[in-house]
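Okay, everyone, thanks for coming. Let me put the thing up on the screen and then we'll walk through it.

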Protein chains: 6
Amino acid sequence: MMKGVHYLVTVALLTLASTLAFAGDPSPLQDFCVAINNTNSVVFVNGKFCKDPLLTTADDFFISGLDIPGNTKNQLGLSVNLVNVDKLAGLNTLGISLARIDFAPNGLTPLHTHSRGTELLVVLEGTLLAGFVTSDPDNRFFTKTLNRGDVFVFPVGLIHFQFNIGETNAVAFSSLSSQNPGVITMANAIFGSNPPINPDVLIKAFQVYKNVVDYLQKIFHG
Amino acid sequence: MMKGVHYLVTVALLTLASTLAFAGDPSPLQDFCVAINNTNSVVFVNGKFCKDPLLTTADDFFISGLDIPGNTKNQLGLSVNLVNVDKLAGLNTLGISLARIDFAPNGLTPLHTHSRGTELLVVLEGTLLAGFVTSDPDNRFFTKTLNRGDVFVFPVGLIHFQFNIGETNAVAFSSLSSQNPGVITMANAIFGSNPPINPDVLIKAFQVYKNVVDYLQKIFHG
Amino acid sequence: MMKGVHYLVTVALLTLASTLAFAGDPSPLQDFCVAINNTNSVVFVNGKFCKDPLLTTADDFFISGLDIPGNTKNQLGLSVNLVNVDKLAGLNTLGISLARIDFAPNGLTPLHTHSRGTELLVVLEGTLLAGFVTSDPDNRFFTKTLNRGDVFVFPVGLIHFQFNIGETNAVAFSSLSSQNPGVITMANAIFGSNPPINPDVLIKAFQVYKNVVDYLQKIFHG
Amino acid sequence: MMKGVHYLVTVALLTLASTLAFAGDPSPLQDFCVAINNTNSVVFVNGKFCKDPLLTTADDFFISGLDIPGNTKNQLGLSVNLVNVDKLAGLNTLGISLARIDFAPNGLTPLHTHSRGTELLVVLEGTLLAGFVTSDPDNRFFTKTLNRGDVFVFPVGLIHFQFNIGETNAVAFSSLSSQNPGVITMANAIFGSNPPINPDVLIKAFQVYKNVVDYLQKIFHG
Amino acid sequence: MMKGVHYLVTVALLTLASTLAFAGDPSPLQDFCVAINNTNSVVFVNGKFCKDPLLTTADDFFISGLDIPGNTKNQLGLSVNLVNVDKLAGLNTLGISLARIDFAPNGLTPLHTHSRGTELLVVLEGTLLAGFVTSDPDNRFFTKTLNRGDVFVFPVGLIHFQFNIGETNAVAFSSLSSQNPGVITMANAIFGSNPPINPDVLIKAFQVYKNVVDYLQKIFHG
Amino acid sequence: MMKGVHYLVTVALLTLASTLAFAGDPSPLQDFCVAINNTNSVVFVNGKFCKDPLLTTADDFFISGLDIPGNTKNQLGLSVNLVNVDKLAGLNTLGISLARIDFAPNGLTPLHTHSRGTELLVVLEGTLLAGFVTSDPDNRFFTKTLNRGDVFVFPVGLIHFQFNIGETNAVAFSSLSSQNPGVITMANAIFGSNPPINPDVLIKAFQVYKNVVDYLQKIFHG
């Protein structure tokens, strides 16, 4: 059953994957450059290849479904629906993306970073405890309780989380300063990588016994 | 009474002013650089001066009030509450901002550009007609009807609008890819500048008679 | 006959189309990357694909003809010859372009923006009235009469124009801070888009009667 | 005694703190802009204020001591001597920094990220196991054993480590693509923040019992 | 008499000094940020401090005099009038500059680089031989004869020159992709630096006898 | 025999060729984008095409051999082994590169620039005299004697050199702020270009007699 943990986390965050971008996205060199999926191609570029602008339509800039609550019946009580360049091709070269996040009571976006994007969150419903930690050596923890209509900034690259501390579901929208901000969930990347990181490294890094590392790698590797 | 038009437009868009930023905001060189208002200073920099990071608190990254409907009892049936670096100091150097937009029935964000930011809009309530026009010489018009939960992209620098074509109020959130994306409302900038643009220029540019230009300058200059 | 208006405007500005770039063009990653036209290709990139550097010659960095006065016998009394990456392939990745502008007496570059480029103009002959308008809410109008040898800056993204107020022809060179700065002529984009913008939007945005909008859409749509 | 752990980690990584920068550092606008410490100032800028270029000397671009082995007699068996803009003022605006890293046998740079810099490491002595983990959802682990003269790349923002698996001391130089790449050590930021992150968040994020979190917060908070 | 050489070169290029910028200038974060000279200040920033935007006038974006031929009665037969951010404060943050170049017959812009800007030259009068050399190891020489109305691109950072091979004076305008592109004249920097470079370095670098180096250092140091 | 000079210089610097990049490299839009050599392709992009990320392995981020002294038995007493994107494909999009430099006694990296990268050098063995010259008009020469463990910064685009003034071999590592910083060796580019620069240009630029130019072109063209 523990094996299910990582799976559910993966499902919950799947849409965030291969995403996240930020203030440093290279600038556009034309009005737009709608991404195409060249699934048969063996070559790639920084960002995405684009479709012929003459074939572009309004639908390339459109996506629906952000009104639909996600399924939060998982270990984290969480659902993330990220509208990034993989889902909304029109975002290519434009340096922004958007996510709807649903939290069950006690739902959590576990500690993670976006390596290419600052996150700007607004609460639509419920009460969240939000926080981020600054870099070494101070590792200052900035935290705030957020209610409906409150906005909070999570600076690019810093470890952060949102936790539903209310008694009801919570909903938030987050915009991110990249077409593909990327998400690195601490627990997944550290204990659930593929293949697993050598236990000796984790034992020394976290100053824990081998059985704790074994337990965590079992949980998050799934 | 016509004089009131420009005034109301100004009120409605006041919060968008001196704002809007985009994919090309210079990248941060530290975790964060919270803006300060040096109101007595006679010097400025590209962006904002920052406060001492040791004095920074969670409140620098926080603002409330995006749950509150704006007052749309004005000529445009519009209210825009923009959370940019002027309102939320923690956004400085981070390349993103956010707006809540309220529309009365027939409410309109009139044709405008953001010179420094792509806009990514999500509809919370109501039905909007959204559109943007590409650059010369094609000037293609991309348009889409948006309902609750729909998302649409307005690429940086292109003229665009949102129009409430439903019978109820509409509400949307827009994120923008700059700490200060800037807004240029066509009618205001063209016919309501301070001082007014020489009528001969407008007459020739729009191929209209002088009385039409006089009329428009009277309305939008207020 | 009115239909001719838009056509002529289009002709006059055709060379400016799909052009103009700025301070934020992504930097080069090699000495040069001369653009190629992959006319049969179905894929594109941000900017342009480049030709094999070993096949590059001096001619890729060369173009002639900026000494030839353009034909200003059109509605605007204007001719623009823009040397951008579409005409001068060697400009690709290098963040700059150049235009020769000819004005008949009363000739006008009608109100327009360059979404990706600052414009730096120098007058070679004649007398121009130049101006630009800042963003909301101030919409300040900065204007200056320019004579032979005078230089003026039009900051990226702001609405601007040049008007020949002398009795003779005028000639100017403008350099722009992008390989493809882009041009958005207000009248064309607002009233001449393809398809036309819904008249209700224009009526409300500009506070005019429907017949004025009909008239303008007829003129600029052509 | 456990309290000592975090202290030592902090000492070892202190020089890495408030550092690390990358491919996206804003470009220089003059030959150089040597940083000054305006310790009495209450204002800051993105990056650093600079000294008068006329007062600049060769010493502003110079630092010594990278031949001196660091003291690795600490919990991690690690010493990091980072030459970033805080130590070498001449690096300001120039987008690069450098570190000497000493490892005792079994010495470890514990799992960490640089939010603003790619790391390019070369081994001078000894044998290191190096690795990094990609972002969600794949969390692929790339790892390699490195000997004298071997080079390895750690892409910006990804969690990575180096572990001395040889029987002797190891020494490496790392260059980083920012004047201030920043370092976020996972264990320190997650379990040693100031103030501590709410245990409930950590319990849920890592699926461990409260006593494990208590233990880790005690160790790394110190 | 030889001493005069360097002096004249310095005069001719003085206006190019502390200039030259390129495709990578950091982007603006507001409509404009007009440079101020804080002559009494002991601190500087990347680029320039700016004046209060409310005090900005059209004159900040204006300069005159590019119609006036420069004095070419010097060793190089050359005069350069560069309009960069030092002369035209409105260019600050906007990534572009402009120069008028006058050549006597046989006049020469000696081999030089712009470390921060691509140069886009248009010939107004006369006949120039223009050329640039690519980087190692190919060091390909691209050259072209340019007449009135011809345009040529000199990619950022590459060594280049323009030589008046006609029998009359020549005039050209060059735009550069930076507010401060910088100029490094080979002869001045190599043989005329202050203090001089150690002769042994120059002897070995150029494979010449000491007396040749002595001669060149005497000429260009002046 | 003199012909051999240029050849040897070319050999010594061959690995530096088509390389060197800096603070302005465009930022990555995904975790990594490992370069591929599309040797049969007729199209290129700014930077490099990338391989399928699913086919990427740790070896793409790895290279060995920086422990091996280069062969300095050549005219310059120099060997440069540059690890740039051409050699280490994993560096693509990541804005950094690294070189090992070996000097025989009196060995010299002759005067050169990196148009796209700042260089950060650390001495491993021996004693180097290092220096760089600022841009016009000051052409200030900053110089420093460097011993084992000393670090020196050479700002992007400025002419610089390193000279072994000790009695033994010297070794240094240099990191550069670009995936392809580029190198332009003054002597090679000025006197050894292909085809040669017109002697009249060189005679005038350096104020020397034709026979000196002939001699230098013979030496460096080889």
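So, a warm-up: in which loop of chain D is D:Gln207 found? It's the one between helix H3 (199–206) and helix H4 (210–221); helices here are DSSP runs of H or I with at least four residues, strands are E runs of at least two, and both are numbered from the N terminus.

Before I go on, the housekeeping. This is a predicted model, where local features need pLDDT of at least 70, side-chain atom pairs count only at pLDDT 80 or more, and totals for chains, interfaces and linings use all residues. Residues are numbered from 1 along each chain as its sequence is written, chains are lettered from A and ligands numbered from 1 in the order in which they are written, and side-chain values use heavy atoms, with hydrogens and water left out.

Back to the backbone. D:Gln207 isn't a glycine, yet its phi is positive, about 55°. At 13% relative accessibility D:Gln207 counts as buried, meaning under 20% relative accessible area, with exposed being over 50% and partly exposed in between (1.4 Å probe, protein chains only).

Over in chain C, C:Asn139 also has a positive phi, about 45°, without being a glycine. You'll find C:Asn139 in the loop between strand E8 (128–133) and strand E9 (141–146), and it is buried, with a relative accessible area of 1%.

Now the cis peptides. In chain F, the bond from F:Asp136 to F:Pro137 is cis, omega near 0°, and F:Pro137 lies in that chain's loop between strand E8 (128–133) and strand E9 (141–146). In chain C, the C:Asn194 to C:Pro195 bond is cis with omega near 0°; C:Pro195 is placed between helix H2 (186–191) and helix H3 (199–206), in the loop.

On to symmetry. How many degrees of rotation superpose chain F on chain C? It takes 120°, with 0.0 Å of shift along the axis and an RMSD of 0.0 Å, fitted by least squares on the C-alpha atoms of residues with pLDDT of at least 70 in both copies. So the two copies are related as by a three-fold rotation axis. In chain F, the C-alpha nearest that axis belongs to F:Pro26, 3.2 Å away.

Last, packing. The largest nonpolar core (buried Ala, Val, Leu, Ile, Met, Phe, Trp, Tyr and Cys joined through side-chain atoms within 4.5 Å) has 407 residues, and E:Phe206 is among those with the most contacts inside it. A second, separate core has eight residues, including B:Val45 and D:Phe49.
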